[in-house]
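This report describes selected strands, helices and loops of one protein chain. Please have the sequence and the model open while reading.

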Amino acid sequence: MESMRDQTADWMSFLGRELECAHEDLLQKSVTGKRVFITGAGGYIGSALARYLSNLSVQSLTLLDIAEGGLFELYSELEDKGDTTQLTAIVGDVCDMVLLREIFEQHQPQIVFHAAACKHVTLMETNPFAAMHNNVIGTHQLLAAANDGLAEQVIVVSTDKAVEPFGMMGVSKRIAELLVVANPGPVQVKAVRLANVLGSTGSVGPIFVRQICHGGPVQITHPGCTRYFLSIDEVVQRLMSALLVEGTNLLLIAEAGEPFPVVGLADYLIAHIPCVSKAVEICYIGLRSGEKLTERMVACNECAIACGIASLNLVTCSDLPAAVLIDGASDAIYEAIQSRNFNLLMTAIGKLIPDYVFSTKGHGTVDKGKMEITE
């Protein structure tokens with residue numbers, strides 16, 4: 001297979017559904033002539049959004065990423081198209097408030113897609129300060145800059161890992177969701193909770209492809225492991241559609257169908273990658289730190305209701321923390337990161353997610369700052 005990780009049609013074949021192209025005229029109208037800013041632009045989701053938007057007659061695309069390699073490739077690709085969209089590529093950190101204010105002052109973005117994030121579950125278990133810094137402080141800084149810069153809308157990319165979070169990555173994204181629902185305004189801000197994105201960097205699909213092409217074995221955590229999946233085209237469609245949802249401080253869920261057995265994805269790839277033995281072994285290695293056996297899109301204390309836009313549902317929650325508590329905990333998280341004080345970090349997290357307990361099982365060397373973590 002020429003590169004299954006980049007072929008959306010192949011992923012859609014696995015998913016057994018077709019891409020819904022609802023609201024196309026409204027989507028084009030919502031961004032035509034607009035100035036758009038994408039954080040994490042060199043990543044899998046950010047670059048797909050940039051490619052899509054470059055075809056919709058936006059006035060300008062401001063692309064921010066701390067990783068210059070992906071950003072350079074995307075900028076070069078878009079520049080080679082020769083269209084009239086004004087392109088700006090900025091290598092920088094979404095946690096850099098001075099840089100963010102400069103971007104909003106100079107480029108005056110009207111629409112912001114916040115895709116910058118630390119997303120690898122097991123890696124963030126051993127790097128909790130990095131997870132909280134990028135995913136929480138980065139979101140907090142971006143929203144503050146967008147409010148001050150009078151942006152019209154900010155769409156924040158979230159994940160099903162934020163539902164009753166079990167690992168540090170999910171915790172950080174859940175707190176980012178809370179920052180969205182507590183945003184003081186005036187910008188319209190919405191978080192979109194996505195499922196696992198097939199083909200994304202470091203995700204299970206490309207890992208399986210690599211293991212299969214090496215002759216196996218394909219490593220799966222557990223035979224009963226299931227995940228919700230979306231293709232990258234579905235992700236772009238759902239993030240764009242969030243612009244059409246009326247209201248602010250909203251948490252939205254991207255419809256992802258029913259969960260799939262992960263072993264089913266492995267079987268599909270083994271069967272569809274040519275020139276590979278169909279006798280590739282599958283072995284089970286057990287759940288790693290921070291991973292769940294099954295995942296959910298909606299928590300027990302949440303309810304998903306229709307929002308009038310295809311492929312999206314609105315989430316309501318019965319017991320959200322007060323905005324003042326969220327703001328105070330965010331400040332405490334920032335202080336904990338600056339002092340590398342793990343005990344302070346966990347105390348701040350506990351104020352927002354009281355049921356969360358950090359487990360050191362299987363972590364190996366943990367980036368723990370000023371506290372020794374014990375079993």
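Two strands are said to pair if DSSP finds at least two bridges between them. Helices (H or I, at least four residues) and strands (E, at least two) are DSSP runs, numbered from the N terminus. This is a predicted model, in which local features need pLDDT of at least 70 and side-chain atom pairs count only at pLDDT 80 or more, while totals for chains, interfaces and linings use all residues. Residues are numbered from 1 along each chain as its sequence is written, and side-chain values use heavy atoms, with hydrogens and water left out.

**Strands β5, β6 and β11**

Strand β6 (188-194) pairs with β11 (residues 250-254) in the parallel sense, over 4 bridges. One position in this pairing is Lys 190, whose bridge partner in β11 is Leu 250. β6 also pairs with β5, again in the parallel sense, over 7 bridges. The chain crosses from β5 through α8 to β6, and this β-α-β crossover is right-handed; the term applies if, with the strands pointing away from the viewer, the path from the first strand over the helix to the second runs clockwise. Thr 159 has Leu 194 of β6 as its bridge partner.

Burial is classed by relative accessible area: buried means under 20%, exposed over 50%, and partly exposed in between (1.4 Å probe, protein chains only). Of the 7 residues of β6, 6 are buried, so the strand is largely enclosed by the rest of the structure.

Gln 153 belongs to β5 (residues 153-159). Gln 153 counts as buried because its relative accessibility is 12%. A polar atom of the Gln 153 side chain lies 3.0 Å from the backbone oxygen of Leu 243. Contact here means heavy atoms within 4.5 Å. With neighbours within four places in sequence left aside, the contacts of Gln 153 include Gln 110, Ile 111, Val 112, Val 187 and Lys 190.

**Helix α8**

Gly 170 is part of α8 (residues 168-181). At a relative accessible area of 4%, Gly 170 is buried. Apart from neighbours within four places in sequence, Gly 170 is in contact with Lys 161, Ala 162 and Pro 165. Arg 210 is 40 residues from Gly 170 along the chain, and their C-alpha atoms are separated by 26 Å.

**Helix α5**

Which residues of α5 (residues 97-107) are buried? They are Met 97, Leu 99, Leu 100, Ile 103, Phe 104 and His 107. These residues cover an arc of only 160° around the axis, which puts them on the same side of α5; the arc is that of the directions from the helix axis to the C-beta atoms. Val 98, Glu 105 and Gln 106 are exposed on the other side of α5. The cover over the buried residues includes β1 (35-39), β2, β3 (86-91), β4 (111-114) and α7.

At the start of α5, a side-chain oxygen of Asp 96 comes to within 3.2 Å of the backbone nitrogen of Val 98. Just after the helix, Gln 108 has a positive phi of about 45°.

**Helix α12**

The 17 residues of α12 (residues 323-339) should span 24 Å at 1.5 Å a residue, and the end C-alpha atoms are 25 Å apart, which agrees. The expected span is 1.5 Å times one less than the number of residues.

Ile 326, Ala 329, Ser 330, Ala 332, Ile 333, Ala 336 and Ile 337 are the buried residues of α12. Their arc around the axis is only 165°, which puts them on the same side of α12. They pack against α7 (128-148), α8 and α13 (342-352). Val 324 and Glu 335 are exposed on the other side of α12. Arg 340, just after α12, takes a positive phi of about 50°.

**Loops**

Two cis peptide bonds and two serines with positive phi are listed here.

| Item | Value | Loop between |
|---|---|---|
| Gly 185 to Pro 186, cis | omega near 15° | α8 and β6 (188-194) |
| Gly 216 to Pro 217, cis | omega about 0° | α9 (204-213) and β8 (218-220) |
| Ser 57, positive phi | phi near 60° | α3 (44-53) and β2 (60-65) |
| Ser 311, positive phi | phi near 75° | β14 (302-306) and β15 (312-317) |

For the cis bonds, the loop given is that of the proline. Ser 57 counts as partly exposed, at 45% relative accessibility. Ser 311 counts as buried, at 3%.

Terms used:
Polar contact = N/O pair within 3.5 Å; in protein donor to acceptor, adjacent residues only side chain to side chain.
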